[in-house]
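Me: I am new to this structure and would like a close look at one part of it. Could you walk me through the surroundings of the ligands?

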Amino acid sequence: MKTVVITGATSGIGKATAARLAQENFRLILCGRRSNILKDLQQQLSEYTEVYTLSFDVRDQKAVQQAFESLPEEWKTIDILINNAGNAHGLDPLSAGKIEDWDTMMDGNVKGLLYVSNACIPQMKERKSGHIVNISSVAGLQTYSNGVVYCASKKAVQAISEGMRLELTEFGIKVSDIAPGAVETEFSKVRFKGDEERAATVYAGYQALQAEDIADTISYIVNAPKHVTIAALTIYPAAQSSPTTIHRSQESK
Ligand code: NDP
Ligand code: 8X3
């Protein structure tokens with residue numbers, strides 16, 4: 001049975017992926033900062049599979065390292081790493097100089113992903129086997145005004161995915177990068193710092209992707225035959241054609 005690490009498992013895409021993979025014969029190591037949610041999930045999903053939880057902030061390199069070192073021997077072999085933890089913070093022009101938001105995004109979305117990968121890759125290399133799935137975004141494919149630092153962080157994720165594939169393929173490690181468009185999760189609530197009304201406008205007047213749609217894609221990627229690597233995928237809601245172009249019903253405008 002393969003062991004999967006999912007970061008950002010307490011909400012949205014990560015949570016839906018945990019539920020999906022629990023029913024597909026994977027053992028799960030679920031990560032996030034909100035340990036109460038991790039414990040609830042552990043309880044719920046233990047009906048289907050073995051679940052271990054690790055609570056840490058991906059921005060804290062020492063905490064990341066300690067968390068993975070603390071794994072019991074029977075959990076130390078990680079077959080699949082899903083680097084999903086991340087968020088956008090704010091929607092402001094660069095000239096607004098929201099430095100705290102910039103730091104949070106670059107530290108979490110980019111450096112956090114590197115820290116977690118660094119904790120998992122050595123044993124994959126040693127075993128000459130593994131799979132890393134990085135969740136980037138369509139924001140990494142096309143920059144938009146007011147989201148420049150988030151877009152930069154996701155472009156960085158895509159560059160890291162490309163580089164990981166170049167460096168790790170010879171060690172039997174697959175690397176996949178998924179770029180979703182608008183997915184209805186806590187994402188916009190976090191971006192707008194708890195303003196639920198504003199967050200709801202992001203998903204108004206069209207059918208946004210649901211976290212389960214991305215979980216479905218992740219399931220497809222990690223269940224692909226041994227000789228197949230899905231290198232990169234872009235997934236939009238049917239109503240979306242670019243990060244900033246969404247066809248909404250008249251009533252919602
Ligand atoms: P959610 O806000 O619903 O979930 C984000 C998850 O990331 C939470 O589980 C949160 O856990 C975790 N997380 C955030 N920051 C940290 C941190 N510093 N340390 C540890 N965990 C952290 O958003 P989504 O499910 O939508 O987002 C998942 C990924 O998908 C992100 O990388 C996002 O950028 C990407 N994405 C999202 C899209 C969307 O439209 N929703 C579109 C494209 C990409 P906790 O708070 O418990 O730590
Ligand atoms: C989330 C999608 O378009 O809001 O990564 O940046 S978008």
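To start, how far does a polar side-chain atom of Tyr150 lie from an oxygen atom of ligand 2?

Reply: Happy to help! This is a predicted model, where local features need pLDDT of at least 70, side-chain atom pairs count only at pLDDT 80 or more, and totals for chains, interfaces and linings use all residues. Residues are numbered from 1 along each chain as its sequence is written, chains are lettered from A and ligands numbered from 1 in the order in which they are written, and side-chain values use heavy atoms, with hydrogens and water left out.

Now to your question: the distance from a polar side-chain atom of Tyr150 to an oxygen atom of ligand 2 is 2.6 Å. That is a polar contact (a pair of N or O atoms within 3.5 Å). Tyr144 also places a polar side-chain atom 2.6 Å from an oxygen atom of ligand 2, and for Ser137 the value is 2.5 Å. On its own, ligand 2 exposes 240 Å², of which the protein buries 85% (accessible areas by the Shrake-Rupley method with a 1.4 Å probe). Around ligand 2 sit Ser137, Ala139, Tyr144, Tyr150, Phe187, Arg191 and Pro243 (each with a heavy atom within 4 Å).

Tyr150 turns up again at ligand 1: among 29 surrounding residues, Thr10, Ser11, Arg33, Tyr150 and Thr185 come nearest. A polar side-chain atom of Ser11 is 2.5 Å from an oxygen atom of ligand 1. Backbone N or O atoms take part too, with one of Gly8 at 3.0 Å from an oxygen atom of ligand 1 and one of Asn84 at 2.8 Å. Taken alone, ligand 1 exposes 880 Å², and the protein buries 96% of that.

Methods: Polar contact = N/O pair within 3.5 Å; in protein donor to acceptor, adjacent residues only side chain to side chain.
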